[in-house]
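Visitor: I'd like to learn how to read a model like this one. Can we go through it together?

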Amino acid sequence: MTPTYSTHLSEEAFDDVLIGLGSPESEAHLAACRDCRLRVNAFHADVALFNSASMAWTENQPVLLRPTARKTFHRTRLAFVSWAATAAALVGMAVVVWHHDGPVTPSRATPNVSQPADTEAQIAQDNQLLQAVNAAISPNDESPVDEYKLFQKRHSHLKTHHK
Amino acid sequence: MGNLRQALFLGHGMATATLGNLRIASKRHPRIESAMAERAGVISELDDINELVRLHQARIRRFVFCSTGDPDLADTITQDTLLRAFRGRESFRGDCSLSTWLTGIAINVTRDHLRSGRFKFWKQLKATAIDVHEMASFLPSEGISAERRVLAKERVKELYAVLETLSYNQRTIFLMKFSEEMSVEEISEMLGMGVNTVRTHLHRALKAVRSKLGATL
């Protein structure tokens with residue numbers, strides 16, 4: 001006949017027993033008290049049910065194979081390289097646009113673009129065209145001002161000054 | 001997978017060498033011989049990735065799933081854990097059981113995931129509720145009446161629901177103690193916590209379990 005106790009294990013002592021850190025007094029009480037022993041057994045039975053169900057459930061779940069860390073690393077590295085290439089391309093484009101819209105520099109003012117060399121025939125043709133243009137725009141009629149010979153004086157003055 | 005095959009090939013050679021050493025040591029004291037045989041068995045187990053997966057995958061997966069509450073993440077972490085164990089099998093010194101060593105790796109891998117913030121622990125109850133019902137239905141049915149089976153399913157669901165409410169540390173330590181059957185000292189060493197801290201976490205977890213599962217506890 002197992003004796004019944006009016007006082008049972010305290011909650012803390014009971015938990016220590018479950019954890020495996022029960023004091024000798026607690027163990028002695030447990031050996032003698034049927035109620036406390038039933039409580040301990042009930043807890044272990046619940047945990048055993050949970051472990052059994054969760055293990056059986058896990059074993060029946062299909063395993064999803066995922067890329068390993070190394071593959072993930074390669075993927076990350078590939079993504080980094082592609083992002084770096086994109087960024088470099090964008091920076092390159094930005095530099096080109098900046099140079100295009102930026103301040104006029106000497107090199108911009110006199111672009112170093114190689115032109116095809118003009119042939120003598122083209123030069124002669126251009127000279128003829130320029131002469132024709134000059135003839136067209138030069139005044140044939142004498143200006144009333146010409147009689148004062150202002151331009152001649154000015155040109156002679158400039159010549160003497162230069163001398 | 002080429003590296004893995006190469007590792008498997010090298011691992012096979014190492015197991016043979018270990019067994020060779022065991023033959024040389026056969027004249028030693030029976031206890032030493034037994035310990036060496038056990039260690040040789042573990043090393044042999046570690047050398048075969050298929051055997052490692054077959055024997056430990058479900059247990060690690062169960063632990064990580066119950067710890068994180070995310071079945072997809074549990075798959076990833078389990079795979080990483082087994083791969084790390086296989087690659088780092090040289091570092092297994094035999095101070096603890098292979099199961100404990102693997103659980104330690106799983107905890108570290110889970111911590112890495114936690115730090116990187118790649119997932120959120122414990123999704124909402126609605127998201128995992130289906131899993132709980134499904135899990136509870138996997139109870140063994142041999143020798144159990146239908147009525148007891150229904151009651152058992154309810155208990156499993158209730159315990160799982162309590163675990164959901166615990167903090168990550170409390171839940172993990174609870175599982176290490178009562179599912180992985182590790183001692184408080186082993187948990188303390190593995191997590192780098194004091195024995196009293198582990199004890200406090202367990203007390204809080206048990207208090208929550210007791211309040212949920214009723215007067216029987």
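Visitor: Which residues of helix 1 of chain A are buried?

Guide: First, keep in mind that this is a predicted model. Helix 1 covers residues 11-19 of chain A, and its buried residues are A:Phe14, A:Asp15, A:Asp16, A:Val17 and A:Leu18.

Visitor: What covers the buried residues of helix 1 of chain A?

Guide: The cover includes two elements of chain A, helix 2 (24-32) and helix 3. It also includes helix 10 (195-213) of chain B.

Visitor: And what comes just after helix 1 of chain A?

Guide: There you'll find A:Gly20, with a positive phi of about 100 degrees.

Visitor: OK, let's zoom out. How many helices and strands does chain A have?

Guide: Chain A has 7 helices and 0 strands. Read from the N terminus, its elements go α-α-α-α-α-α-α. Of its 163 residues, 10% count as buried.

Visitor: How many helices and strands are in chain B?

Guide: Chain B has 10 helices, and again the strand count is 0. For its 217 residues, the buried share is 32%. You can also look at how far apart in sequence the contacting residues are. Take the contacts in chain B between residues at least 6 apart in sequence: 64% of them join residues at least 24 apart.

Visitor: Now the two chains together. How many residues of each chain are in contact with the other?

Guide: On the chain A side there are 30 residues, in contact with 35 residues of chain B. Helix 1 and helix 3 of chain A each supply at least two residues of the side that touches chain B. Helix 3 of chain A gives the most to that side, with 17 residues. Sorted by class, the side of chain A that touches chain B has 16 nonpolar, 8 polar and 6 charged residues.

Visitor: How do I describe two helices that pack together?

Guide: Two packed helices are described by two things, the angle between their axes and the distance between the axes. Try it on helix 3 of chain A (residues 34-60) and helix 3 of chain B (residues 49-68): the angle is about 110 degrees and the axes are 9 Å apart. An angle from 65 to 115 degrees counts as roughly perpendicular, so that word fits helix 3 of chain A and helix 3 of chain B. Their crossing is right-handed.

Visitor: Which residues make the contact between helix 3 of chain A and helix 3 of chain B?

Guide: From helix 3 of chain A, they are A:Ser54, A:Met55, A:Thr58 and A:Glu59. Helix 3 of chain B brings B:Ala58, B:Arg61, B:Arg62, B:Phe65 and B:Cys66. By class, this contact has 4 nonpolar, 2 polar and 3 charged residues.

Visitor: Some of those numbers are a few places apart. What's the general idea there?

Guide: An α-helix has 3.6 residues a turn, so residues three or four places apart point the same way.

Visitor: Can we try a pair inside chain B? At what angle do helix 3 and helix 8 of chain B cross?

Guide: Helix 3 of chain B and helix 8 of chain B (residues 168-178) cross at roughly 150 degrees, and their axes come within 9 Å. Angles over 145 degrees count as roughly antiparallel, so helix 3 and helix 8 of chain B are roughly antiparallel. This crossing is right-handed.

Visitor: Which residues meet there?

Guide: B:Phe63, B:Cys66 and B:Ser67 of helix 3 of chain B meet B:Arg171, B:Thr172 and B:Leu175 of helix 8 of chain B. The classes in this contact are 3 nonpolar, 2 polar and 1 charged.

Conventions
Residues are numbered from 1 along each chain as its sequence is written. Chains are lettered from A and ligands numbered from 1 in the order in which they are written. This is a predicted model: local features need pLDDT of at least 70, side-chain atom pairs count only at pLDDT 80 or more; totals for chains, interfaces and linings use all residues. Axes are lines fitted to C-alpha atoms, for helices over the stretch in contact, and angles run from 0 to 180 degrees between N-to-C directions. Helices (H or I, at least four residues) and strands (E, at least two) are DSSP runs, numbered from the N terminus. Angles under 35 degrees count as roughly parallel, over 145 as roughly antiparallel, 65 to 115 as roughly perpendicular and the rest as oblique. A crossing is left-handed if the near helix is turned anticlockwise from the far one by less than a right angle, and right-handed if clockwise. Two residues are in contact if their C-beta atoms, placed from the backbone, lie within 7 Å. Ala, Val, Leu, Ile, Met, Phe, Trp, Tyr, Cys and Pro count as nonpolar, Asp, Glu, Lys and Arg as charged, and the others, Gly among them, as polar. A residue is buried if 20 or more other C-beta atoms lie within 10 Å of its own, exposed if 12 or fewer, and partly exposed in between; C-beta atoms are placed from the backbone.
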